[in-house]
Amino acid sequence: MESSLETSNSPPKPSFTPRNSTTTPHQNKFFRSTSTKESSFSNFPYTPPRRSSPSLTQSLHASPVSSPLHPHRLSPSKAQQLPAAPDLHTAYRCVSSVLKKDGQILSIAASNGLVYTGSDINVIRIWKLPEFSECGHLKTKSCMVVALEVSHDRVYAAYGDGKIRVWQRTWDDGLRHVRLATIPRAGNYVRSYISGKDKSTKHMGPITSLALNVSDDILYSASLDKTVKVWRISDLKCIETIQAHSEPVNAIILADDGVLFTASDDATVKVWRRNFCRGEQPHSLTVTLPAKYSPVKALSLTPDGAILYGGCTDGYIHYWLKGWYSGQLKYGGSLQGHTHAVMCLASVANFVVSGSADSTSRVWAREQDGQHSCLAVLAGHRGPIRCVSAFSGRFGEESEEGNGCTICSGSLDGVIKVWRVTCVNGGNRCSNNAQSGSEYFDL
């Protein structure tokens, strides 16, 4: 992605390809990057600036790389540095791995037993669970599906041309998707430009994230042009442009109470509230949360909205806790483990799933006392992980064998993987279950 924004009506086409490193990474050890101040991450979307401190390298990297073929084990010296491990037996495996000639996988969304994946090409593929078989696709003239949202049988897809396409999902005579509209509409954009009322209806940079507030009839879109636009779903008109950050906006997420969170390369997360009495600019900034001088690339909220997670370019996942009485957010700490930028996050039940440019996904468990522990490191991709989605139990159904989740991960290597993680009480250890169930695929 480019940090300098074009001013033409046609936004630049973003690049999601990592830059080749001039040094050869070590084969057996991981070195954590630490810094007191990082430059903008816009010019380099996945690998963070590396200003390593040898004295902190080993102490900060608490969890070794593991996969369904490699059990999760700690040396005695490193085990002392970690919080007490939960009394859980963890089994995890890759149950499906699919490689299409679609280029990089850039976005994933799931709804009603269906998974939608977007990539470099002009096709959104639809997969049916639990077998994860392809059951359809959505095709347009525009390429690069950078963000997906699905709600109330409507599919919203943001493309590299700065526009959003909308489909209606129906189940009459089988699964069908009917194209409804393109946001912004060409006619509305031209009329607004001629009248001079709103020349900024269309994003002037690539869209990076989408969020839906169906109850208030609102769709939010974030962009590299440093703004967040507010669209009214009923007539697909832009009703507000929020000048959100001083740097590109990388991610947005919406709480159940309508509070909007925005994350940016300016190393902050901002919290916005909507006030219907404020006229043309109803959204107002309530608080700015600093992210320790590291650009924030991903956001996630717990299902109850009590904890906000932010994935950063230094490999840390910072989190903020919502006060039960005041409702204010306070800094709670950070999750350490990834060696490169955290590119995506997903929350389900008491699990947090993170995908990173180090080509691994980590599954974190949130305990009742607020502590977090890494249950599994899912290794198998051969490129940065760009998007993840998680469901409770087995493919969204409650699991009878224990508490667990199913995870879909999409990578820049073009592979989509489905993982099954199961936690069973008893046995203070982590192990793998690669020999049972489906075979582990290494593409």
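Cysteine 143 counts as partly exposed, at 35% relative accessibility; the classes applied here are buried for under 20% relative accessible area, exposed for over 50% and partly exposed in between, calculated with a 1.4 Å probe on protein chains only. The structure is a predicted model, in which local features need pLDDT of at least 70 and side-chain atom pairs count only at pLDDT 80 or more, while totals for chains, interfaces and linings use all residues. Residues are numbered from 1 along each chain as its sequence is written, and side-chain values use heavy atoms, with hydrogens and water left out.

A disulfide is a covalent bond between the sulfur atoms of two cysteines. With a disulfide defined as a pair of cysteine sulfur atoms within 2.5 Å, a search of the whole structure returned zero. Cysteine 408 is accordingly in no disulfide, and the nearest cysteine sulfur, that of cysteine 387, is 9.5 Å away. Cysteine 408 counts as buried, with 0% relative accessibility.

Secondary structure was assigned from DSSP runs numbered from the N terminus, helices being H or I runs of at least four residues and strands E runs of at least two. Two strands were taken to pair if DSSP finds at least two bridges between them. Strands of a sheet pair through backbone hydrogen bonds, either parallel or antiparallel.

One open sheet consists of four strands in the order β2-β3-β4-β5, with antiparallel pairing. Strands β2 (105–111) and β5 (133–139) stand at its edges; each has a single partner strand, so one side of each is left without a neighbour in the sheet. On average, neighbouring strands of this sheet are turned by 25° against each other, direction ignored; axes are lines fitted to C-alpha atoms, for helices over the stretch in contact, and angles run from 0 to 180 degrees between N-to-C directions. Within the sheet, β3 (residues 114–119) and β4 (residues 123–128) are joined in the antiparallel sense by four bridges. Tyrosine 116 has isoleucine 126 of β4 as its bridge partner.

Another open sheet of four strands follows the order β6-β7-β8-β9, and its pairing is antiparallel. Its edge strands are β6 (145–151) and β9 (176–183), each of which pairs on one side only. The twist from one strand to the next averages 20°. Strands β6 and β7 (residues 154–159) run antiparallel and are connected by six bridges, with valine 150 opposite valine 155 in β7.

Aromatic pairs were identified among the rings of Phe, Tyr and Trp (its six-membered ring) with centres within 6.5 Å; planes under 30 degrees apart count as stacked, over 60 as edge-to-face and the rest as tilted. By this rule the count comes to three aromatic pairs. Tryptophan 127 and phenylalanine 132 form a stacked pair, at 4.9 Å centre to centre and 0° between the planes. Both tryptophan 127 and phenylalanine 132 are buried. The ring centres of tryptophan 320 and tyrosine 331 are 6.1 Å apart and their planes stand at 70°, so this pair is edge-to-face. Because tryptophan 320 lies in β20 (residues 317–322) and tyrosine 331 in β21 (residues 329–335), the pair ties together parts that are eleven residues apart in sequence.

The two strands carrying this pair are themselves partners: β20 and β21 pair in the antiparallel sense over six bridges, and tryptophan 320 stands opposite tyrosine 331. They form a hairpin with six residues between them, and glycine 327 in the turn has a positive phi of about 80°. Tryptophan 320 is buried at 2% relative accessibility, whereas tyrosine 331 is partly exposed, with a relative accessible area of 34%.

Charged side chains were also examined against aromatic rings, a charge being placed over a ring if NZ of Lys or CZ of Arg is within 6 Å of the ring centre and within 35 degrees of the ring normal. Lysine 292 lies over the face of tyrosine 331, at 4.5 Å from the ring centre. The charged end of arginine 165 sits over the ring of tyrosine 159, at 4.9 Å from its centre.

Lysine 229, in strand β12 (residues 227–232), is buried with a relative accessible area of 1%. Its side chain makes a polar contact of 2.9 Å with the side chain of threonine 241; a polar contact is a pair of N or O atoms within 3.5 Å, where within protein one must be able to donate a hydrogen and the other to accept it, and residues adjacent in sequence count only if both atoms are side-chain atoms.
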